[in-house]
Amino acid sequence: DGTRKQTYNLGFDLNIIPKKLVFTGNSSLYHYDYQYESFNKSYQQQNQSSPNQTRGAYANITRFTQIQLSGTLNYHDTFFENHNVDAMIGGEYFDYQYFNFNASTENSPFDTIHTLNVGANRTATSSSKTGYRIESLFGRVNYDFKQKYLFSFTYRYDGISKLKDNRWGFFPGVSAGWNIAREEFFGDLSHLFGTLKIRGSWGQLGNT
């Protein structure tokens, strides 16, 4: 009997344009493996005239694997001193695979052989296998002018294999804001309120 778990992670940053354009990659793998076996030897109780030789054998195997890969490209720059842009695009892939096996037998001929194949009667056999994948594209653009006028656009484009219909969905979002504390007419009060924003946003979400 035993359980084995394995986890592997790998990530890196690639500075394409230093302090402006950076690509980040990440990957992970998680593997779970469980195995259980049991065997009931022949035994005799005091109130029985002959031994119980059912010799039931049972085995279970369960394993699953998760793989996740992601990459993002981030860009940040300032134009004409006052125009700030922060943008990101990325993608992600997720895969999950599961397997389970159960079996049992009875009437093995010897106590010394514990494997299922020697059992005269097969009492149960079952297995199951499932899995699904998720693929995603996403992005974000933030813009501001002197940190006074702010605009943001985000989106996700997700697909999941376990849905029968409408496996893909597009989910955008936009927002705009005004930091009044940055305006000149706010005067000395700007020292008291470093940030005082009026903001409106709209977005669309999905669910399974």
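Two strands count as paired if DSSP finds at least two bridges between them. In this predicted model, strand 1 and strand 2 (residues 21–39) meet that criterion with 15 bridges. The pairing is antiparallel. One contact can be named within it: Leu14 has Phe23, in strand 2, as its bridge partner.

The pair belongs to a wider arrangement. Eight strands make up an open sheet. Their order is 1-2-3-4-5-6-7-8, with antiparallel pairing. Strand 1 and strand 8 occupy the edges. Each has a single partner strand, so one side of each lacks a neighbour in the sheet. From one strand to the next, the twist averages 10°.

A nonpolar patch lies on the surface. Its members are Phe12, Leu14, Ile16 and Ile17. Together they present about 360 Å² of accessible area. Leu14 thus appears twice in this description, as a patch member and as the bridge partner of Phe23. Ile17 lies in strand 1 (residues 2–17). The relative accessible area of Ile17 is 38%. This residue is classed as partly exposed because its value falls between the limits of 20% for buried and 50% for exposed.

Confidence was examined for the protein and by element. The average pLDDT of the protein is 90. A score of at least 70 is reached by 93% of the residues. Among the elements, strand 4 (residues 83–106) has the highest mean pLDDT, 97. The lowest mean, 85, belongs to strand 8 (residues 197–203). Strand 8 is also one of the edge strands of the sheet.

Terms used:
Residues are numbered from 1 along each chain as its sequence is written. This is a predicted model: local features need pLDDT of at least 70, side-chain atom pairs count only at pLDDT 80 or more; totals for chains, interfaces and linings use all residues. Side-chain values use heavy atoms; hydrogens and water are left out. pLDDT is the predictor's confidence in each residue, from 0 to 100. Helices (H or I, at least four residues) and strands (E, at least two) are DSSP runs, numbered from the N terminus. Patches are made of residues with over 30% relative accessible area and no salt bridge: like charges are joined within 9 Å, nonpolar side chains (Val, Leu, Ile, Met, Phe, Trp, Tyr) within 5 Å. Accessible areas come from the Shrake-Rupley method with a 1.4 Å probe; for residues, only the protein chains shown count as cover. A salt bridge is a side-chain nitrogen of Lys or Arg within 4 Å of a carboxyl oxygen of Asp or Glu. Buried means under 20% relative accessible area, exposed over 50%, partly exposed in between (1.4 Å probe, protein chains only). Axes are lines fitted to C-alpha atoms, for helices over the stretch in contact, and angles run from 0 to 180 degrees between N-to-C directions.
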